[in-house]
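Hello,

Here is the structure you are taking over. My notes on it follow below.

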Amino acid sequence: MYAVYASRPGTFRGLKNRASIIKKTSKPEVKQETWGNKSEYILSLIGFAVGIGNIWRFPYLAQKYGGGAFLFAYIVMVIVEGLPLFCLELAIGNHFKKSSSGSMRAIHKGVIGVGWCTITVCFLCSLYYNSIIMWIIRYLFESFVSPLPWATCNSNQTCCLEDKTQYYWYYEHLKVTNDIRDLGEFNPTLVVCLTIAWITIFICIARGIASSGKVVYFSATAPYVVLGILLIRGATLPGARDGIAYFLYPDPKRLIDLEVWSAAASQIFYSLGIGFGAIISFASFTKNCDNVIRDSIIITVVNCSTSILGGFVIFSILGYRKTVTGAAFSEMKNGPGLAFVVIAEAVANMHLSPLWAVLFYSMLLLLGVDSLFGLLESMLHQLREELTFLRRIKKHGVNAIVCLVMFTMALPTAMDGGLYVVELMDNWAVTVPLLCAALGEIVAVMWVYGIHRFVREIRERTGHTIGWYWQVCWMALSPLVLLVMLGASLYNFLSKMSYDRFVGCEDSVSTDGSWVVSTKLPTPGVLLALFLLIVPVSMIFLGFIYGYFFDKRPEGGEEEMVDETKLSSIPPRPSATHTNNTTNLPSHQQPEQQPPQPYQYSALTTTPADAPYYTPADAPYYTPSNAPYYTPPQSFAPSTSTTPLYPTAASQYNNELNSFVKTPGKSTAI
């Protein structure tokens, strides 16, 4: 919509002899980014959804919860939870063409807090996620050494002789302390790796999706090449068949265990990246109204296939590890322990071990960087929409400032006790807030905006009908699963309140050979954990209060604009040079002379009081070529002429003005 700058009755100041039609300038205009092509969009979604968790969390859960039984529960949860929620977020972004916060504001200002929650979660998750990439970078650099550093002992300590890989991980790499309250000193090597990680991320996202959209051509496809190579190599190792059989063999008794189903639902939820707002942001950058159902099926199938493929790779290597070292499958560790201890040990025993180590940690690095693209882009996209002053700063400048701030705040993870910081943030800052954000999105779209309205508008815009399966999942099944997950997560966290404390090999009492023991969190740790949990969730309620009571912007986040159809009521502009040649008309056709009147402002004007004749220099304009000197018909006195030339021109002007396509032009400020 457009607003018109006018002055007093009888005048129309602006461009000489033209209608000066300009956009409101109460805040800078947001220039919507778009993907270069469809491939960038799909690859970016795949790169974000397929992350490190597909490689080091999914196989661990499969081993822990009954192999094939967990796979069955996983597939069911994909159908009733993962796929519908992924499709919902794609539909939100594609329909509203805004970030998570902007889409929530377009639905209702009272639910904007859901977007604020996703901003906070993305910020906290990015802090520790890039610290994991820091560890991967160091292991990648050290993989070029032969023999591998974790394959030999540089000391005669008992712990090193007992387990070389664990000794290197805890004593040489992390230099971890024995208590969460003791963070120790900064590890110079890790600080350098953290710096490299953030510089790499900044280079890739410096220009937003214009740069990250090109990076994904390599970063989203190369991991599959490496996975294929590792799968072929793993399948040829001794004992690989035993490992794969253990991965696929179902334990039917576990199917009645609610913990198995809860773990499967959690894995598909976090694996697809639901609730972060990145899917909504990526979908908002599309040029056209895409088929969100087709896209969601493609991404979900690729994500689940990658998890299963990663399971084959990991268990084939674990089968070889059992053959060589005799380590049982039950000694398999989760998360960093799997990547930096279990797999590191198996790779060290392979022929040409540096080659396989470089391939494995390169794959983890690319998977992690792709996922971090989505987290940061979601956060930055929402910040640019919410904080209007950021629109006046070049994008790479804003991105540089954000990366520098986050690098500074992530420095504690590069200390000796940084492992505890990462563990605390991973457990408390993400799980519950993400579930609350996803539930908030469902409530906002299904009940506040209205499911029938939402489905109808998608059909009108895209031509694709949302079937009953999707609507049933959105309205009933998916919210029910999320509520159960939320209750189980809160119960587990609040009842345990523990962390894995490093005790070393001498004091280890673990039956799986691990050198950590579950310990109750001290009071400072409990307070920090509750802070990480409460802050993101509280954003939902703070956003409701702000949006409902204090936010003066209309829903949608844009200022209300004047309808261009009201332009016909603008008074005429007399001119000393051009008077529509009325001086040559007969006296009975002369317009009535209006007495001088004081300055009055039209209801349509947005001109400041101290600048009554102001027209911005960049004001777009439009004037029909056949009516350059427009005089409304009501300014003419009654005429007996049968050829009302000027009223006809004015009428044609109005018709053209109501149907024209606005194009920016250049004008001169008066």
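In helix α22 (residues 523-550) of this predicted model, the buried residues are G525, A529, L532, L533, P536, V537, I540, G543 and G547. Among the elements that cover these buried residues are α6, α19 (418-428) and α20 (431-462). The helix is not straight: α22 has a kink of about 30°, and the centre of that kink is M539.

A second kinked helix is α4 (residues 68-96). Its bend is about 50° and is centred on V78. The end-to-end distance of α4 still agrees with expectation, because 29 residues at 1.5 Å a residue should span 42 Å and the end C-alpha atoms are 40 Å apart. Most of α4 is covered, with 25 of its 29 residues buried.

Both sides of α4 have something to look at. Ahead of the helix, G66 sits in the loop between α3 (58-64) and α4. G66 has a relative accessible area of 12%, so it counts as buried, the cut-off being under 20%. Which residues touch G66, once its neighbours within four places in sequence are set aside? They are Y249, P250, D251 and R254. V260 is 194 residues away from G66 along the chain, yet the C-alpha atoms of the two are separated by 8.3 Å.

After α4 comes K97, in the loop between α4 and α5 (100-107). The phi of K97 is positive, at about 55°, although K97 is not a glycine. Its relative accessible area is 22%, and K97 is therefore partly exposed.

L352 is another residue to check on a Ramachandran plot: its phi is positive, about 60°, and it is not a glycine either. L352 lies in the loop between α16 (336-348) and α17.

Helix α17 (residues 353-386) packs against helix α9 (residues 188-205) at an angle of about 65°. The two axes are 11 Å apart, and the crossing is right-handed. On the α9 side, the residues that meet α17 are W198, I201, C204 and I205. Their partners in α17 are V369, L372, F373, L376 and L380.

Also in α17 is H381. Is H381 buried or exposed? It is buried, because its relative accessibility is 4% and the cut-off for buried is under 20%. The H381 side chain makes a polar contact with the side chain of S281, at 3.2 Å.

One peptide bond should be noted as well. The bond from S146 to P147 is cis, with omega near 0°. P147 is in the loop between α6 (112-142) and α7 (158-162).

Finally, the chain as a whole. The protein chain has 23 helices and five strands. Of its 670 residues, 55% are buried. Taking the contacts with a separation of 6 or more, 83% of them are between residues 24 or more positions apart.

Regards

Key
Residues numbered from 1 in each chain as written. Predicted model: local features only at pLDDT ≥ 70, side-chain atom pairs only at ≥ 80, totals over all residues. Heavy atoms only, no water. Helix = DSSP H or I, 4+ residues; strand = E, 2+ residues; numbered from the N terminus. Expected span 1.5 Å × (residues − 1). Bend = angle between axes of the 7 residues up to and from the residue. Buried < 20%, exposed > 50% of the residue type's maximum accessible area, 1.4 Å probe, protein only. Polar contact = N/O pair within 3.5 Å; in protein donor to acceptor, adjacent residues only side chain to side chain. Axes fitted to C-alpha atoms, helices over the stretch in contact; angles between N-to-C directions. Left-handed = near helix turned anticlockwise from the far one by under 90°. Contact = heavy atoms within 4.5 Å.
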